[in-house]
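Me: Hello! I am new to this structure and would love a friendly tour, one question at a time.

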Amino acid sequence: MGRWRTAGGALLRVIAVWVVSTLTLMVLAGILPDFELTSDNGDGITRVALTAGWGAGAFGLLSALVWPLVVRAFLLVPALVLGLLVFFLNGSLLLIALRLIPTGRGAADPETAVIVAAVMSAVASATSTALAVRHDDAYRRRLSRLALRRRRRRGGHGDGPIPTPPGIVFIQLDGVGERVLRDAVGQGLMPTVGAWLRTTHRLTPWRTDWSSQTGASQLGILHGTTFDVPAFRWYEKESGEVMVSNRPASAVELQRRAVERTGDGGLLTVDGASRGNLFSGGADQVALVLTAAARRGRRNRSRAGYFAYFSDPANAVRTAGSFVAEVGREIAQATRARLRKQTPRIGRGGLYPLIRAFATVVERDVVVAAVMGDMLAGRTAVYADLVAYDEVAHHSGPHGRDTAQVLKRLDRSLALIADAAEHAPRDYRVVLLSDHGQSPGETFESAFGLTLKDLVRAGCGLPVPRRARRTRSGAEARYAVRVALHRPVDENPGVAEPVGQGPAEGEGGSEPRPGPVVLASGNLGLVSFPDIEGRATREEIDRRHPALLTTLAAHPGIGFLLVRSREHGAVVLGPDGVEVPLAELADEQGPLRGFGRGAADAIRRTDTFPHTADIMVNSMYDPVTGTVHAFEEQIGSHGGLGGEQSRPFLLSPHTLSRPVAGHDELVGAVQVHHVLRRWLREGQGPQIPLVTEAAAVMEDSPSTSQAEGSFPVSGCAVQDKTS
């Protein structure tokens, strides 16, 4: 009897959706001039209703049967393009549905078909949702059946007992610092998080390493080590390549090194799922994971995670509509900022509106849906990254109206996940955390008229663009070179000369040598000399470029430098000729005044990395305003030391043990990793085994002889590149 009642209820809901879709089709036929459901001689209302019913039914069947196959075929298309194709595909299905009407009375122009299909999918989705909400018990039963089906698919027994140990869902709000979260809760922007804080959760700040960016932090959180990740991008002399954390091949190599160093596969090795991350964490279930993007085989393609979401045409249309709205929102916000002459401000044209919409809409919707699916399937551990805030804050700044709207929408996503937990086959504990914060500030180039690369080249006596020579910083640097070398400096930027080539100063020779490789990671800069084997010493740098270190250390936009001396070991250089051996470096003293607690230890740790650059450059930091100067085009940045960027958070349920005892500080992503592992053990979750995932990673990865995402460098200075 229960099955017949369930089947009867499902049939009634299908009929209700069909009737509403039929009425919608009739209304649209009356409104839109290029959409018809009648013959040339006109038809009565009954004939029009029958025609609309045929069309609505055919469109519904095609959407249910054909759409999933079409989406699977288009998984070969880049995800950003797939989002834009949704409207076209839906319109094509409607045109086919109209042709299937037996009387042949349906007709529409292609442009009109796109509009009609979008409206019909949205109405059908809204009707189905309303019916599910109206019958809450039926909705719960449907979620339970879905969970049961997923467990059976995974090889479990559907009629067995519900697993009793609670699972854990880790949600990473990329780039949201502790202060931003507290302010958002205080302003009522995040009511879901606010309710957790008042009732069930505790908030714990933690401190990043010097490299305050996702590549280092997420590698540490998921794989237990941040060793030899000095920045978001860095130059490796032995291979002549630039490692970039968000390039698939670089991410695969970083994960391989981490697994090799730690001896275990990661946080999610047993019954885990990784969603929207740079690294897999050892999870078997991955979607939108960068390391999976470099694997061979259809099953391992990262974009396969889109299929489960976009196979539902209502999801596709809803996300596509939100995508278009987000593009319009970004254009309007950028225009408003330009008209109001807001400062600081950077360019937000080109493809950026599309990139922002992908991060804030498509990635968010797919990841949230995947997490909810994991919970309904009863997985033990899920780690997901929502990047929306980080993307917008880079271009709009970490504080303001633009990012406030993003935080509101992220809170709604968290509410959806919390609701899914109520219908899951096991209890779930939701842990919210971030990988870093963001510090505001005008870019280095905007403040001083030249890039860090320009300043380094000027300090080396190499040609720089005319605009850089005309700035005060460029002129001072080139004057310092003239004084140091006792000779004029070539003012010709050298159009035909390869960038980064210059004469060998101080040796009397004229043979060119490779110029410096200059990279940026937020407000952290890295300078490397490719032709010097190993890490260049201060003495070698001074011999070749006697004005460079003094030019950099004395610049008002730079806080301090880290270099290694053959005689004194590693030293930190600051303004006014300040020089402190690394062993004697102390927080809030000398060059680190104002940078806060833990800065000295973070620098000392980075100095031990094999791929630390010859010169590590940290921008200035103003503790009064909290601002830094990014060496790339970002007015909200992270990657170095200074301000909110180094202060992320960990929001955990009271049912889990405290992250740290008493007044101890939580320092570094590796310590966060150990806390999360402890929580998994407390819930009798996966006992993370000592396995070597490195072999599997390398087997699935492309050849590293010319790795995708690595940029070969041969004697050139690499342009600062936005992350």
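Reply: Happy to help! Helices (H or I, at least four residues) and strands (E, at least two) are DSSP runs, numbered from the N terminus. This is a predicted model in which local features need pLDDT of at least 70 and side-chain atom pairs count only at pLDDT 80 or more, while totals for chains, interfaces and linings use all residues. Residues are numbered from 1 along each chain as its sequence is written, and side-chain values use heavy atoms, with hydrogens and water left out.

Me: How many helices and strands does the chain have?
Reply: Counting the DSSP runs just described gives the totals for the chain. They come to 25 helices and 23 strands.

Me: What pLDDT does the chain average?
Reply: pLDDT is the predictor's confidence in each residue, from 0 to 100. Residues 133–140 stay under 50, and so do residues 492–510. In the chain, 63% of the residues score at least 70, and the average pLDDT is 79.

Me: What percentage of the residues in the chain is buried?
Reply: Buried means under 20% relative accessible area, exposed over 50%, and partly exposed in between (1.4 Å probe, protein chains only). The chain has 723 residues, and the buried part of them is 56%.

Me: In what order do the 8 strands of the open sheet run?
Reply: Two strands pair if DSSP finds at least two bridges between them. The pairing in this sheet is mixed. Strands E8 (285–287) and E22 (666–667) are at the edges, each pairing on one side only. The order is E8-E7-E9-E3-E10-E21-E4-E22.

Me: Which residue in E21 is the bridge partner of Leu433?
Reply: Strand E10 (residues 428–433) and strand E21 (residues 649–653) pair in the antiparallel sense over 2 bridges. One bridge partner in E21 is Leu651, which goes with Leu432. For Leu433, the partner is Leu650.

Me: Which residue in E10 stands opposite Val169?
Reply: E3 and E10 run parallel and are joined by 6 bridges. Opposite Val169 in E10 stands Val430.

Me: Why is E10 largely enclosed by the rest of the structure?
Reply: The reason lies in how many of its residues are covered. E10 is largely enclosed because its buried residues number 5 of the 6.

Me: What angle does the direction of helix H16 make with that of E3?
Reply: Contact means heavy atoms within 4.5 Å. Axes are lines fitted to C-alpha atoms, for helices over the stretch in contact, and angles run from 0 to 180 degrees between N-to-C directions. Helix H16 (residues 401–423) packs on the sheet and touches strand E3 (167–173), strand E9 (381–386) and E10. The angle between the directions of H16 and E3 is about 175°.

Me: Which helix gives the largest share of the largest nonpolar core?
Reply: A nonpolar core is a set of buried Ala, Val, Leu, Ile, Met, Phe, Trp, Tyr and Cys residues joined through side-chain atoms within 4.5 Å. The largest one has 55 residues, and Phe170, Trp210, Ile603, Leu650, Leu676 and Trp679 touch the most other members. The largest share, 6 residues, comes from residues 669–682, which form helix H24.

Me: How many residues of helix H18 are buried?
Reply: H18 spans residues 452–459 and is mostly covered. Among its buried residues are Lys453, Asp454 and Arg457. The number buried is 8 of 8.
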